[in-house]
Amino acid sequence: MHRSRILGIGMNVASRVVTNDDLAKMMETSHEWIHERTGIEQRRWVAPGETGASMATKAAKEAIERAGIAPTDIDLIIYATLSPDFNFPGTAVFVQRNLGLKEIPCLDIRQQCTGFIYGLSIADAYIRTGNFKNILLIGSEVHSTGLDKTTAGRDVTVLFGDGAGAVIIGRATDDQHMILSTHIHADGSEAEILWTEYPASAHDPRISEAAMAERKHYPSMNGKKVFKHAVTRMPQAIMEGMQANGIKSIAEVDMVIPHQANLRINQMVAQMIGVPPEKTHNNIMKYGNTTAASIPICMHEAIELGKIKPGNLVCLVAFGAGLTWGSCFLRY
Ligand code: UT7
């Protein structure tokens, strides 16, 4: 059986910088409210012509270059998003086309903020079985075109940003650079506490003026409930991974990269499991919550800053809509 590793990583964020003060011109909010509750100072929104696929392609090209492989070495694309460019087909085929690749399978997955961890678990399983050798895994999101930019949507709209992250997952050749474990979970019992209900095939017609008048085509969230679940599930997912890998103390872990949903959530989780500030990295201040893209974007930055070095024991952890959650432990 083969084992898998991250061979290369890339990122690309949307080009328009939108500050909290910019949002305050569109709706009743303030830099102070947003910053105090979430840590966010600015986020990126797409400019005309930028799409999930275009950002993903740029992130993928960087990941391919860093992996030292040719695009044609890729034999599977996995694309995690809650905001596909079109209803169908999935967005992975557009990235395939942009990269000039032909006939390799393209797999689109959802799983919202946990999409990247789910993607890692799929890629790892495919490498282990030998089905594929070099997998391009992407998390890419465009939120800005689907947000309610009036005061009615301010609780959700201030949180999200647009961007993409990508990794090449290939075969490990030693145990110093290897994905050690992935653990993924879901609980649909409260699926509606964070969702976008319209347009949807569950409704006929899929969208109506009445639904739009009630603003049901915008995401809605029970923020307090989501916050409570996040600070419960993320520590659980970390402990589960530690146990599976025989890691007795969090002190053995070099770096924890949490999904970037809210700085306060991440600070609380770090405190609960005893992670000191120097052993975790957050960049939600600059990018907001980019859901499936947030972990590879954050990891990319931590690598650039020298906070993650080759061979380091790294924990990735996420929680999101669904509800979904999970963790991945790896030696970078
Ligand atoms: O990956 C998962 C993604 N989602 C999350 O992780 C979200 C988790 N939840 C949170 O981060 C927090 O619940 C929020 C930051 C979203 C909200 O913080 P909160 O302390 O739970 O605030 P709240 O929703 O209870 O609202 C408090 C007040 C309300 O006003 P009233 O009713 O007290 O008069 C809101 O209307 O703040 C108001 N409010 C705002 N005010 C200014 C809500 N959004 C805003 C806003 N600007 N953007």
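A residue counts as buried when its relative accessible area is under 20%, as exposed when that area is over 50%, and as partly exposed in between. With that in mind, the tour can begin, bearing in mind throughout that the model is a predicted one.

**The whole chain**

Start with the whole protein in view and coloured by secondary structure, where eleven helices and 13 strands are to be found. The C-alpha atoms fill a box of roughly 55 × 45 × 35 Å when this is taken along the principal axes. For 332 residues, a compact globule would have a radius of gyration near 20 Å, and the 19 Å of this protein agrees with that. Buried residues make up 54% of the 332 residues, and of the contacts with a separation of 6 or more, 78% are between residues 24 or more positions apart.

Next, switch to a surface display, which shows an exposed area of about 14300 Å², with carbon and sulfur atoms supplying 52% of it. If you colour the charged side chains, you will find 32 positive and 34 negative ones, and the centres of the two sets lie 2 Å apart.

**Three salt bridges to select**

Side chains of opposite charge can pair when their charged atoms come close. In the whole structure a search finds eight salt bridges, and the stops below include three of them.

Select Arg66 and Glu304 first, and look at the salt bridge between them, in which the closest N and O atoms are 2.6 Å apart. Arg66 belongs to helix α3 (residues 52-67) and Glu304 to helix α11 (residues 294-304), so this pair ties together parts that lie 238 residues apart in sequence. Arg66 itself is partly exposed, its relative accessible area being 36%.

Now move to helix α5 (residues 115-129) and select Asp124 and Arg128, which are four residues apart there and thus separated by about one helical turn. Their side chains meet in a salt bridge at 2.9 Å, N to O. Is Asp124 buried or exposed? At 5% relative accessibility, Asp124 counts as buried, because this value falls under the 20% limit. Its partner Arg128 is partly exposed, with a relative accessible area of 22%.

For the third pair, select Glu190 and Lys225, whose side chains meet in a salt bridge at 3.5 Å, N to O. Glu190 sits in the loop between β8 (178-186) and β9 (194-195), while Lys225 is in helix α8 (residues 223-244), so the pair ties together parts that are 35 residues apart in sequence. Both residues count as partly exposed, Glu190 at 23% relative accessibility and Lys225 at 38%.

Before leaving the charged residues, return to Arg66 and add Glu62 to the selection, since salt bridges that share partners join Glu62, Arg66 and Glu304 into one network.

**A last stop in helix α8**

Finally, select Val226, which has its place in helix α8 and is buried, with a relative accessible area of 11%. Which residues does Val226 touch, not counting those up to four places away in sequence? They are Ile193, Leu194, Met221 and Phe319, and showing their side chains together with that of Val226 lets you inspect these contacts. To end, draw a distance from the C-alpha of Val226 to the C-alpha of Gly306: these two residues are 80 residues apart in sequence and 32 Å apart in space.

Conventions: Residues are numbered from 1 along each chain as its sequence is written. This is a predicted model: local features need pLDDT of at least 70, side-chain atom pairs count only at pLDDT 80 or more; totals for chains, interfaces and linings use all residues. Side-chain values use heavy atoms; hydrogens and water are left out. Helices (H or I, at least four residues) and strands (E, at least two) are DSSP runs, numbered from the N terminus. The radius of gyration is taken over C-alpha atoms; the globule rule is 2.2 Å times the number of residues to the power 0.38. Buried means under 20% relative accessible area, exposed over 50%, partly exposed in between (1.4 Å probe, protein chains only). Contact means heavy atoms within 4.5 Å. Accessible areas come from the Shrake-Rupley method with a 1.4 Å probe; for residues, only the protein chains shown count as cover. Lys and Arg count as positive and Asp and Glu as negative; His and the chain ends are not counted. The place of a charge is taken as NZ of Lys, CZ of Arg, CG of Asp or CD of Glu. A salt bridge is a side-chain nitrogen of Lys or Arg within 4 Å of a carboxyl oxygen of Asp or Glu.
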